[in-house]
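Reader: Got a minute to go through this one with me? I'd like to know what sits behind each label.

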Amino acid sequence: MKTDLIIIGSGPGGYETAAYAASQGLQVVIVEEKYAGGTCLNCGCIPTKSLVHDAEKVLGRENGEELFRAAIARKDAVVAGLRQGVEALMKQPGITFMQGHASFKTAKSIVVNGEEIEAKNIIIATGSTAKLPPVPGLGADGQPVSPYFVTSEGLLSREELPSSLCIVGAGVIGMEMASIFAAFGTQVTVVEFLKECLPTMDAEIARRLRKIMEKRGIKFHLATAMQRIDGNKVVIKDTKKGTESCVEADAILVATGRKPRTEDLNLEGIGIETSRMGIVTNDNMQTNLPHIYAIGDVNGRQMLAHAATFQGRRAVNHILGVTDNIRLDIMPAAVFTYPEAASVGPTDDFCKNNSIAFTTRKVLCRANGRAQAMEQTDGFVKLLFDEANHVIACHAFGAGASSIVQEVASLMNFGVTREQLVDIVHIHPTLNELLLDAAKA
């Protein structure tokens, strides 16, 4: 079989790119090894956010186990419905959807289920898998894997609520899972090697979120390294004091990051360049073989579903010879804990460490009428401006943080200044009025 474009992987990067390419007149073959929608839809973003929604509603209620089972059932229904939607999208004219494992036969062709498919251009969108540290109890060095160990995918598929949960890693996945399961009544302990959670977020947001979670009963062991897993025990070591202790739990989630899914693609056989971060690409998502592109988690540039979608759009535009205005350097992100946190642009610490001149304006959520009316006054909004007063970053913590940051990301795409932001009419009463207050501060 011959086609214009092959896409390997049907996560948000893959299926959105296939739909866009087909709309531009390309004949597309998209290959998926497991489920349409990829990790994000089936065992990542969507099921997590479904549980986040239900977790917020059960805070303070005592029948957590019963409510958890209901939340899992609703999550499964949401995922199934959205997966059917993706499958329907992949049946539109110009797209051929194939189920099976793809590997390169040549630099111009792949093999799926014994069939060779050739294309002028190929996009690799195979996503990522859980990255596990080399410690005993996780299968390293021939050690048996603890039966209590789960990845985030495994934890999301549980039908019974664990009475206790130890989470190793306080990044986005670890913090979201801690927030969800604690709300349903699980005793949660978080172990983090660094001195604070969410190391890529604004330091004040990370600290305040952790303190709120501690008030809800979540225990944190910061600056602490996991030494090994013995059955249901996680042996940990305080890196400052050098002392060892252990955490016992009914389930142990290791959320120490993700790694690009590049195995069994025969990348070495066709000479694709890779690094420790993933497949090496340029700003058009081209690999060292110009007709082969890599988008999303597999290139390690920005491990976000929306990054994959827009990287795919950039790749197709490059194939078509179309110049776009996509700003891949402006990439908003959110952590859907309770309260939620979100950011776009550099942090204060990054600016200071890289000698970037900036000024900061900050307002507290409790000064906002809508926040008061919603009884969600924890949090703040912080704006960063460069020397010319252009908005270069926003860090938000509290109700509606992701929506607030999304507005700022839109404004940053058009180089808006503080003075221009002050002149933009906002609906009253809304949480987004915090942006006006911050700009005026």
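Reader: Which strands does helix H7 lie across, and what makes that a contact?

Author: This is a predicted model, where local features need pLDDT of at least 70, side-chain atom pairs count only at pLDDT 80 or more, and totals for chains, interfaces and linings use all residues. Residues are numbered from 1 along each chain as its sequence is written, and side-chain values use heavy atoms, with hydrogens and water left out. Helix H7 (residues 203-215) lies across S21, S22, S23 and S24; contact means heavy atoms within 4.5 Å. Helices (H or I, at least four residues) and strands (E, at least two) are DSSP runs, numbered from the N terminus.

Reader: How do you know that S21 and S24 pair?

Author: Pairing takes at least two DSSP bridges between two strands. S21 (residues 341-344) and S24 (residues 391-397) have four bridges, in the antiparallel sense, so they count as paired. Ser343 stands opposite His395 in S24.

Reader: What makes S20 and S22 edge strands?

Author: The open sheet runs S20-S21-S24-S23-S22 with antiparallel pairing. S20 (333-335) and S22 (359-364) each pair on one side only.

Reader: Why is His428 called exposed?

Author: Exposed means over 50% relative accessible area, buried under 20%, partly exposed in between (1.4 Å probe, protein chains only). His428 has 61%, so it is exposed. The unreviewed UniProt entry annotates His428 as "active site"; UniProt positions use the numbering here, feature names are shortened, and annotations may be inferred rather than shown by experiment.

Definitions and conventions: Axes are lines fitted to C-alpha atoms, for helices over the stretch in contact, and angles run from 0 to 180 degrees between N-to-C directions.
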